[in-house]
Amino acid sequence: MTTKCTATPDLAAITVATWPGCEPRLLGARSEAESATQYLADGGYQALDDADGLLGEVQRSGLLGRGGAAFPLGVKLRSVRDGGRRAGGAVVVANGEEGEPASAKDRWLLRRRPHLVIDGLRLAAAMVAARSAYVYVSDPMSARSVENALGELGPEVPGGLSIKVFVVEPSYVAGEETAAVRAINGGPAKPTDKPPRPYQRGVAALPTLVSNVETLANLPFLLRYGADAFRAQGTALSPGTFLATVSGGGRPPVLYELPHGIALSELLRVHGFVAERVRGVLMGGYFAGLLDPDALRVCLDQESLRAVGSGLGCAAIAVLTDECPVAVAASVLAYYGRENAGQCGSCFNGTAAMAAVAEALRDGVADTQDVERLQRWAGVLPGRGACGTLDGAAGVATSLLSRFPDSVTAHLTDSCATCRGGAFRAARPYAIEEATV
């Protein structure tokens, strides 16, 4: 079978865009990294006189983590602060190891707005009384950007906070919070069993806050304007703005800052897609599975996406136009099969088995028993691994089978016209590569 070769976009091609009527809080038109002088002139690195007061504002804001799990940051901060008081110290980690290939938001922030990330890290450290902090990345350009930004600062900005850049090899699992802790502690960047979670026992055995860089980048806004201003955008349960990487459909990728609650269909319209050409969407990076055209009316907020069995994840949105959803799912599952940590038998074997069925289905050599096995595995395997990799793979399989039954049936009879003309195959589907910004 022939292969459709599609060029993979890079960060040099990323256009930055904000939503009409939504004043950007994180993005801006920058052709190079923002300097300390520029950031200070725009009101950055404001003095923090009341760390507990800021923690109260964070909790009132309802700020949810932007790395994928959407856990309330205020709860994390308070848990680490309280644990650190008992343990005699705490650590903060800005997690910029962007494991989802279709996402570009964290690299953009680290490369273009490193001082915003450092400022957020400084404020988080103050709220939990940490004296040690890390910026955890796998992208060499992001690492250099942060190192250069730290070199611009005098000692008075971070105060007594020690900030180090920690670089690991990129992998899908390296960004999981226990993998980050394990790597900083001298081990491999692979997840560990839980409990303990990092907020209980993390870097150097101290309570540790591991938070996505976009999440931390919201803290300077909260210090300056407060929780009410933060909640002026978004929904009651998903307040604020978020960064979304939109790619696919043969169009250049765009990094948007959006208010929670806008309709996915409206975003795709603004991005330039004709609704009738959209065959589906790969949501949240690879983790939240596939959506069919009927689901495109869903709103982009945590509660709405959960209600349709999906999720916002890291807000990477890849649009399928000419690609067959069976072939896309097969490529994603094969990626999971290669990228799992190789530590948990259920994940190592389960991702490989699901990928094998999906690839056989794509190639027109699967039968109904294979599909039944895929359905069964997708139902029983979630929750069995040390991290979310197996859950993500199972979600892709489930969404394919439930949302695209006609495509699955066509492949059982080898009658998919799209794949007969050359099936979509990609080692890292819709990846946005590590080129110069």
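Colleague: How many residue pairs are in polar contact between domain 1 and domain 2, and what makes a pair count?
Modeller: Six pairs, with both residues at pLDDT 80 or more. A polar contact is a pair of N or O atoms within 3.5 Å; within protein, one must be able to donate a hydrogen and the other to accept it, and residues adjacent in sequence count only if both atoms are side-chain atoms. The six pairs pass that rule, so they get the name.

Colleague: What sort of model is this?
Modeller: A predicted one: local features need pLDDT of at least 70, side-chain atom pairs count only at pLDDT 80 or more, and totals for chains, interfaces and linings use all residues. Numbering starts from 1 along each chain as its sequence is written, and side-chain values use heavy atoms, with hydrogens and water left out.

Colleague: How many salt bridges cross the interface of domain 1 and domain 2?
Modeller: Zero by the rule. A salt bridge needs a side-chain nitrogen of Lys or Arg within 4 Å of a carboxyl oxygen of Asp or Glu, so no pair across this interface earns the name.

Colleague: Where do the domain bounds come from?
Modeller: From an automatic or database domain assignment. The chain is split into domain 1 (26-232), domain 2 (241-320) and domain 3 (325-421).

Colleague: What makes you say that domain 1 and domain 2 bury area between them?
Modeller: Buried area is the accessible area (1.4 Å probe) that two parts lose on being put together, summed over both. Here that comes to about 1400 Å², 63% of it on carbon and sulfur atoms. On the domain 1 side, Leu27, Glu100 and Ala102 lose the most, together 34% of what that side buries. Helix α4 supplies the largest share of the side of domain 1 touching domain 2, with three residues.

Colleague: Why is one side of β2 and of β10 left without a neighbour in the sheet?
Modeller: Two strands pair if DSSP finds at least two bridges between them; strands are DSSP runs of E, at least two residues, and helices are runs of H or I, at least four, both numbered from the N terminus. This open sheet has six strands in the order β2-β8-β7-β11-β9-β10, with mixed pairing. β2 (15-18) and β10 (290-291) stand at the edges with a single partner strand each, so one side stays free.

Colleague: How do you know that β9 and β11 pair?
Modeller: Three bridges join β9 (280-282) to β11 (316-320), running antiparallel. DSSP needs at least two, so they pair. Gly280 stands opposite Leu320 in β11.

Colleague: What makes you say that helix α4 packs on that sheet?
Modeller: Contact, meaning heavy atoms within 4.5 Å. Helix α4 (105-112) touches β2, β7 (241-248) and β8 (254-259), its direction making about 115° with that of β7. Helix α11 (264-271) packs there too, touching β7, β8, β9, β10 and β11, at about 140° to β8. Axes are lines fitted to C-alpha atoms, for helices over the stretch in contact, and angles run from 0 to 180 degrees between N-to-C directions.

Colleague: What makes the peptide bond between Lys194 and Pro195 cis?
Modeller: Its omega is about 0°. The bond from Pro195 to Pro196 is cis as well, with omega near 0°. Pro195 lies in the loop between α7 (177-184) and β6. Most peptide bonds are trans.
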